[in-house]
Every structure is written in structure tokens, then in C-alpha cells.
Amino acid sequence: MNISARKLQALFKKDFTDYFKNPALVVCSLIPLLFVVLYRFINIPNLQGELDDFLLSLGMVVNSSMCALIIPATSIAEEKEKFTLRTLILSNVSAIEFFLAKILVTTVIVMLGNVLIFFVSGSPVKALPVYILCSFMGNVCAVMLSAVIGIMSRDQASSSALQVPVMLLFVLPPVFASAGKVLELLSEVTPYGAMLRLYYGLSEGGIPAEKMIFAAGVITTWILASLLIFASLYKQKGTDN
Amino acid sequence: MKEMLYLEDVCLSFGDAFSIDHLSFQVMAGEIYGFLGPSGAGKTTTMKLLTRQLRRKSGKIRIFGRDIDKIERADYERIGILSDTNGLYERMSIEDNLKFFAAIRGTDKKEVENVLKKVQLYEKRKTLIKKCSKGMRQRALLAQAVLHHPALLFLDEPTSGLDPATIQEVHKMLLQLNAEGTTIFLTTHNMEEADKLCGRIGILNQGHLVAQGSPEELKLAHAKDTIEVLTKGREKLIFKKGPESAGQIEQLLAAGQCLTIHSKEPNLEEIFLQLTGREF
């Protein structure tokens, strides 16, 4: 695998600045933050004493799902739709450089959003390193899966159609885990549920070690699975054949 | 002269039908080689094979004298490609697009200014791509393809959809690039363009190379065996080439009856129709 640092840097810079010029993606990143700010100033009686955790969980899951699952897929699909991907490939940019830049830019944007949400939620600062670690792990597989959706999609419209079911699968179980056994089980085996469990276990305690190991295993399995799918699709779609 | 491109017995099929059928030709350094043919003849497919967007089924392809499968990434830095399916970033200006591709290619950003002047887009360099006309986009794409002074330039119908004035400018630029040492492989179905620019031409039909040579060679090879004389009485006389006709024409000349004398060489379009029976 041959990666040029110069090309990766140019792609990263282009993708990062282009993100700020794309109103749809900027709004996508601002919604979770606005949600958390809004809820901060609304008096929710049932959440007295648990507001910080509620805001953090809600913000982290919504931000992660909206940004990590949407940005790479939409951006890759747009490059295919507007034929800029072909111009890049014909300019000797390798597919791995192209995808790596997308993944890095999205990771930076998601993590920036998550850190802002952490501070707005009022969570204790000492939990920040654990929070960064857990949200990073939870997001890596989402970003990779989003890149897979981007590879599979012909254009932005078909990319949106594929993003929605994945987003529902990742977001609904952790949010409504208490509503039933099926959702609780799904929450345990999907990355965002596992990410939250791992974070609260490490920062606040009270979660049995075997459940934390299971959560870490779930995230690792999702990361490996998304890497495998990504690598296999990347190989298949390498040329026009 | 150094060999830049070499194809020997190259085949490619989609399903049962051959798209490229035992194609062989070579392009030498410093040439402008025109690849002509009607839509669906296999021109773009051949270009995709040469630029590794498609893989051949069989045969040999060499670029810069090296087997295409063993070619290194650095060699591809010496190639420029303008294909009909290239695009530029719409939310970026022409200049920012070129600066980005200069960074990708490792080219000095000062070159952006030079190339913008060459394609006559310097005054409009701040225009966003989404606000550019088709002609401006095509010129910006051409600028992107030549930004790094490629040794070998692939152009797939570079003037398609452009107005005559812009076509003239693009032709001027291509001739200048060629004079500076760039070898050009040009696919087109514009016969006039091929005649004007290309040192050699290959005519492709249904995946086969049906003729190859300089435009003059092709015209002479397919010239009719007749001479046409227009007399003062506006009469067109057709003579078969040969000693007998020479005497008759001489007599007409001596009598001051000849207005014009023409040998009948076909143009490239007629040659193509003669070879394939197809229309453009």
C-alpha cells in the first residue's frame, strides 16, 4: 500500500474546507449541538439529577449518527455523481488516499462536535479522556460503514436511501433500550449502545466488568467487520471492470 | 524516436461481443496521434485500457516502453488525461481547483497562473465551477490535465461541445504543448480537427483498426485514379491518370482552355465512409 503524505494532506485540506461550503453537511453537524443547547435550558422534571448524562448520551448518539454516517457516504457519492472521483483517480490519487482523507476529515468533525457536546452537557471534565476514547471507538466503524455506503451508491440520492436504515439501526436501540427486550438486546450489540455502556462503565463505574468487556468486544467486532466489508468492496470496485 | 505507447493484439470483450478486437499500433515520442471512429467504435474503451481504467483480456500494452502491468506510480505522474467523464469541484473556483490539483501533482503553484493564461481563463479564475459555461469548464479541465507538463497527454474528444473560437484556442494550445515536447493521444470524431492537428491517424471501426497513417498518406492511398479539369466553357472533364490523359490535358493547356486542374483526393470523412460504410 503506497500512500503519499502530500496527496493525503491536499485531499484532507480540500475535504475539510469543502465541508464548510456544503450547507447540508454543516446543518447536519449543528443539529445535535443545538438539541443539547436547547435541552439544557428546558426544565425536564423527570430528569432532575440525570440531565447531564441524558444530554451527553443524546448529543453523542445523535451527533455520531448524523455526522459519522452521513458525511462520508454523501461526500463519496457526490464525488461519483459529479465525476470528480474519476478526475482524482486519473490524477494518480489512489483509492486508499481518497478514502483515508474522507475518513480522517469526518473523524475530526465528529470528534469536535462530540467534545463541544461534552462541555455543553455539563459533564465532569475529568471524564473527558475516557469520553474521547469511547466516542472515537464507537465512531470508527460508523465512518467506515458510511464509506462503504458511499462506494455502493451511484449518487447522493441512492446514498441517502442506504444511510437511513443503518442510522435507525444504530440510533433507535440505545435511545429506546428501556422500551423492550428486543431493543435492549439490539442496543447491546450495536456500536452506539456499546459505546455508551463502555463510557459510563469507565467514567462512573457500576457496570459489571463482563458487560464492559462484552461492549468492547461488540465495538471491536463492528470495526473489524466494517474494515472487511470496506476492503472487499474497495477491491471489487477498483476499476471499471 | 522513443516509443511512448505500444499495443499488440489487444482484445477486450464485454459478454460475447468484442469491444476491442486484436488492436495493434504504436505512438512515438513527440507525435500527435489521432484515434478516429464513429460513436461506439471503441475509442474511449481503448483510452480507458491505456489509462488502466479497464483491464485488457489479452495482448500486450506498453507505456514509456514498460509493460502496463509493471508500470510504477511515478510513471503515471508523467501522464495527463482529459476524459469525457472528468469533473471539477463545483463549490470551488477555477483557480482553487487548479491549485488543489497542483498540490496533488506536486506542481509549483506558480504554474496555475501560467496555465490559466494559456487557456484564457486568468481573468475569470475566481469563478466558481458551478457558474462556468460548458466551454469554460472544458478549458478548466484541459488546464487541469496539462498543469504538470505531462510527457504523454490523453485527450478524449477535447473540443466536443465547444464553440469555433474556443476550438481554435484549444487547437493552438495543443500544438504549443506538442512543440514543447508533449506526446498527444487524441480521440475524436471531428475529421477536420484530426487533419489539422495529427501527424498520424488510426481509424477504428467496431474494435478493429481499419487504416493508419498520416492524413496525407491516407488521402493519397484512397485517392481516386482520376484528374478533374474545369474548362473555360465551365465543362468538367474527368481524365483517368496515365500517359494518354497527359497528352489530352497538355493540349487543353496549350489551347488555353483550362481553368482548374485537380486530382481527386478524398477528405478523411470520405475515407472513413469508404472504409466502413458507416456514418459519423
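Which residue in E10(B) does Ile201(B) stand opposite? In this predicted model, the residue facing Ile201(B) is Gly213(B). The pair belongs to a hairpin in chain B, described next together with the sheet around it.

Strand E9 of chain B covers residues 200-205, and strand E10 of chain B covers residues 208-213. The two run antiparallel and are joined by five bridges. Another facing pair in this ladder is Leu204(B) with Leu209(B) of E10(B). Two residues lie between the strands of the hairpin. Gln206(B) adopts a positive phi there, near 50 degrees.

The hairpin strands E9 and E10 are part of an open sheet of six strands in chain B. The strand order is E6-E7-E8-E3-E9-E10, and the pairing is mixed. E10(B) stands at one edge and strand E6 (79-82) of chain B at the other. Each has a single partner strand, so one side of each lacks a neighbour in the sheet. From one strand to the next, the twist averages 15 degrees. Helix H1 of chain B, residues 43-50, lies across four strands of chain B. These are strand E3 (32-36), strand E7 (152-156), strand E8 (183-188) and E9. H1(B) runs at about 150 degrees to E7(B). As a rule, side chains in a regular strand alternate between the two faces of the sheet.

Chain B also holds an open sheet of three strands, in the order E12-E11-E13. Its pairing is antiparallel. The edges are formed by strand E12 (236-240) and strand E13 (258-263) of chain B, each of which pairs on one side only. Neighbouring strands of this sheet are turned by 20 degrees against each other on average, direction ignored. Strand E11 of chain B, residues 226-231, is linked to E13(B) by five bridges. These two strands run antiparallel. Within the pair, Thr231(B) stands opposite Cys258(B) of E13(B). The sheet carries a helix: H9(B) packs on it and touches E11, E12 and E13 of chain B. The direction of H9(B) makes about 20 degrees with that of E11(B).

Helix H9 of chain B spans residues 243-254 and contains Gly247(B). Is Gly247(B) buried or exposed? Gly247(B) has 9 other C-beta atoms within 10 Å. Because the limit for an exposed residue is 12 or fewer, Gly247(B) counts as exposed. Gly247(B) and Leu12(B) are 235 residues apart in sequence. Their C-alpha atoms are 54 Å apart in space.

Chain A is built from helices. Its secondary structure comes to 10 helices and zero strands. From the N terminus on, the elements read α-α-α-α-α-α-α-α-α-α. The radius of gyration of chain A is 18 Å, close to the 18 Å that the globule rule gives for 241 residues. Chain A is therefore as compact as a globular protein of that length. Along the principal axes, the C-alpha atoms of chain A fill a box of roughly 55 × 35 × 30 Å. Of the 241 residues in chain A, 41% are buried. Among contacts in chain A with a separation of 6 or more, 77% involve residues 24 or more positions apart.

Leu33(A) offers a local view of these helices. Leu33(A) lies in helix H2 of chain A, residues 23-40. How many C-beta neighbours does Leu33(A) have inside 10 Å? The count is 18. A buried residue needs 20 or more, and an exposed one has 12 or fewer, so Leu33(A) is classed as partly exposed. Neighbours within four places in sequence are left aside in the following list. Leu33(A) is then in contact with Gly113(A), Leu116(A), Ile117(A) and Val120(A). One of these, Val120(A), is 87 residues from Leu33(A) in sequence. The C-alpha atoms of Leu33(A) and Val120(A) are nevertheless 8.2 Å apart in space.

The two chains touch each other. At the interface, 24 residues of chain B are in contact with 20 residues of chain A. On the side of chain B that touches chain A, the elements giving two or more residues are helix H2 (73-76) and helix H3 (94-105) of chain B. H3(B) gives the most to this side, with five residues. By type, the residues on this side of chain B divide into nine nonpolar, eight polar and seven charged.

Notes: Residues are numbered from 1 along each chain as its sequence is written. Chains are lettered from A and ligands numbered from 1 in the order in which they are written. This is a predicted model: local features need pLDDT of at least 70, side-chain atom pairs count only at pLDDT 80 or more; totals for chains, interfaces and linings use all residues. Two strands pair if DSSP finds at least two bridges between them. Axes are lines fitted to C-alpha atoms, for helices over the stretch in contact, and angles run from 0 to 180 degrees between N-to-C directions. Two residues are in contact if their C-beta atoms, placed from the backbone, lie within 7 Å. The radius of gyration is taken over C-alpha atoms; the globule rule is 2.2 Å times the number of residues to the power 0.38. Ala, Val, Leu, Ile, Met, Phe, Trp, Tyr, Cys and Pro count as nonpolar, Asp, Glu, Lys and Arg as charged, and the others, Gly among them, as polar.
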